[in-house]
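Hello,

Here is the structure I promised to pass on to you. Please have it open while you read, and my notes follow below.

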Amino acid sequence: MRGFDSNTEALFTYVTPESFVPKDHPLRAIRKMADEALAGMDKLFDSMYATTGRSSIPPEKLLKAQLLMILYSIRSNRQLVEQIHYNFLFRWFLGMGLDEKVWDHSSFTKNSERLIGSEVAAEFLSRILAQAERKRLLSREHFTVDGTLIEAWASIKSFKPKDGPPSAGGGGRNETVDFKGQKLTNETHGSVTDPDARLYRKGKTKEAKLCYQGHTLMENRSGLIVRTKVTMASGSGEREAAKTMVQRLPRTTRRISLGGDKGYDTEAFVRELRRLRITPHVAQNTTNRKSAIDGRTTNHPNYAISQKIRKRIEEGFGWMKTVGRLRKTMYRGIEKIAMQLDLHAAAYNLVRMKNLGLGVT
């Protein structure tokens, strides 16, 4: 018998957002681990807010909402707030009822800015890693480091001389700029849109772009990101960031190793690692030069293992740039981008830990 297309809507419905989420949905494990990490951050959150005045959006919801943006490749705060209005899964993840009013996108943006410049994102990443540590998923001796370019939210047209008159253009929001015959360098020019961005290219055949450098330090047992850093783009930025990140690692009685690509094979960097009692497991660069890594290192069985595992760090960059949409950042300034890199690393770790069985009940 054919059913009738009735448009009658129920006046009252007694359901919760959780009833719409399947028991085996991946977000269940991720929400459990995220809530556990946020539960221990109350003192940090309290120190950031006044004790009187109008209540703001809870910082826990701000962080979890930004996790949703990363996990579901949402392009803007406006689109995120719009989806929270009608997406039961998102409401459940944020702990919001079906009748709870959703914030305006401008309020969400303004409240999110409170987290910039604080240790919230770094602390959240640290507490996610603490859960992995309790499950013995983290290596304490073997690590890999690498860097990637993050394209700045600024047009090449904003790259103008630091001194002297502005370049002649057609005017308007999208003026015509002719760079033919001009020599553009970071010493003489700067972006008026994003002053921290630097003109840089990865190789001789690559296009020069305004960008930043994002750096991550991965432990080799489970491929989790344990440290991040954002710097201005430069030829030595990867090695300088690597030295900073490895010095922040908790030291053990055993000697640790650090893997990396050929860009880290310089005499000064290898010498600095040895001074820090770190074994350099970087790939040898023998193109028209002598490698700083000798046979004492390359002949050890652990060197071959590090060279095999170090390529896994590219999975993190690939995930953050495609799923997390970090290839071209939506933010300006090192502080904002550093916070976003921490959140992307935390989201990537949550997904990887879920795949390893954490958070599953």
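**Strand 5 and its neighbours**

Let me start at a turn: strand 5 and strand 6 form a hairpin with five residues between the strands, and there Gly223 has a positive phi near 75 degrees. Please keep in mind that this is a predicted model.

The two strands of that hairpin, strand 5 and strand 6 (residues 225-232), are antiparallel and pair over seven bridges. If you would like a spot to look at, Tyr212 has Met232 in strand 6 as its bridge partner.

What else pairs with strand 5? Strand 1 (residues 142-151) runs antiparallel to strand 5, and nine bridges join them. Phe143, for example, is partnered with Glu219 of strand 5. Strand 4 (residues 198-200) also pairs with strand 5 in the antiparallel sense, over three bridges. Here you can look for Arg198, whose bridge partner in strand 5 is Cys211.

Is strand 5 mostly covered or mostly open? Strand 5, which spans residues 209-219, is mostly covered, with ten of its eleven residues buried.

**Two cavities**

I also looked for enclosed spaces, and the structure has two cavities of 30 Å³ or more. The largest cavity has a volume of about 130 Å³. Its lining is made up of 13 residues, and those closest to the centre are Gly324, Met330, Tyr331, Gln340 and His344. Helix 3 (59-71) and helix 13 (334-355) each contribute at least two residues to the lining of the largest cavity. Helix 3 gives the largest share, three residues. By type, the lining of the largest cavity divides into six nonpolar, five polar and two charged residues.

The second largest cavity has a volume of about 30 Å³. Which residues line the second largest cavity? They are Thr148, Ile150, Phe317, Met320, Lys321, Leu326 and Leu341. Strand 1, which we met above as a partner of strand 5, supplies at least two residues of this lining, as does helix 12 (313-322). The largest share, three residues, comes from helix 12. Five residues of the lining of the second largest cavity are nonpolar, one is polar and one is charged.

If you want a path through the model, begin at Gly223 in the hairpin, go along strand 5 to its pairing with strand 1, and then visit the second largest cavity, where strand 1 is part of the lining.

Happy viewing, and best wishes

Conventions:
Residues are numbered from 1 along each chain as its sequence is written. This is a predicted model: local features need pLDDT of at least 70, side-chain atom pairs count only at pLDDT 80 or more; totals for chains, interfaces and linings use all residues. Side-chain values use heavy atoms; hydrogens and water are left out. Buried means under 20% relative accessible area, exposed over 50%, partly exposed in between (1.4 Å probe, protein chains only). Helices (H or I, at least four residues) and strands (E, at least two) are DSSP runs, numbered from the N terminus. Two strands pair if DSSP finds at least two bridges between them. On a 1 Å grid over the protein atoms alone, a cavity is a set of points where a 1.4 Å probe fits but cannot get out, and a pocket is an open set with protein on both sides within 12 Å along at least five of seven lines; lining residues have an atom within 4 Å of a point. Grid points are joined across faces, edges and corners, and a volume is the space filled by probe spheres set on the points. Ala, Val, Leu, Ile, Met, Phe, Trp, Tyr, Cys and Pro count as nonpolar, Asp, Glu, Lys and Arg as charged, and the others, Gly among them, as polar.
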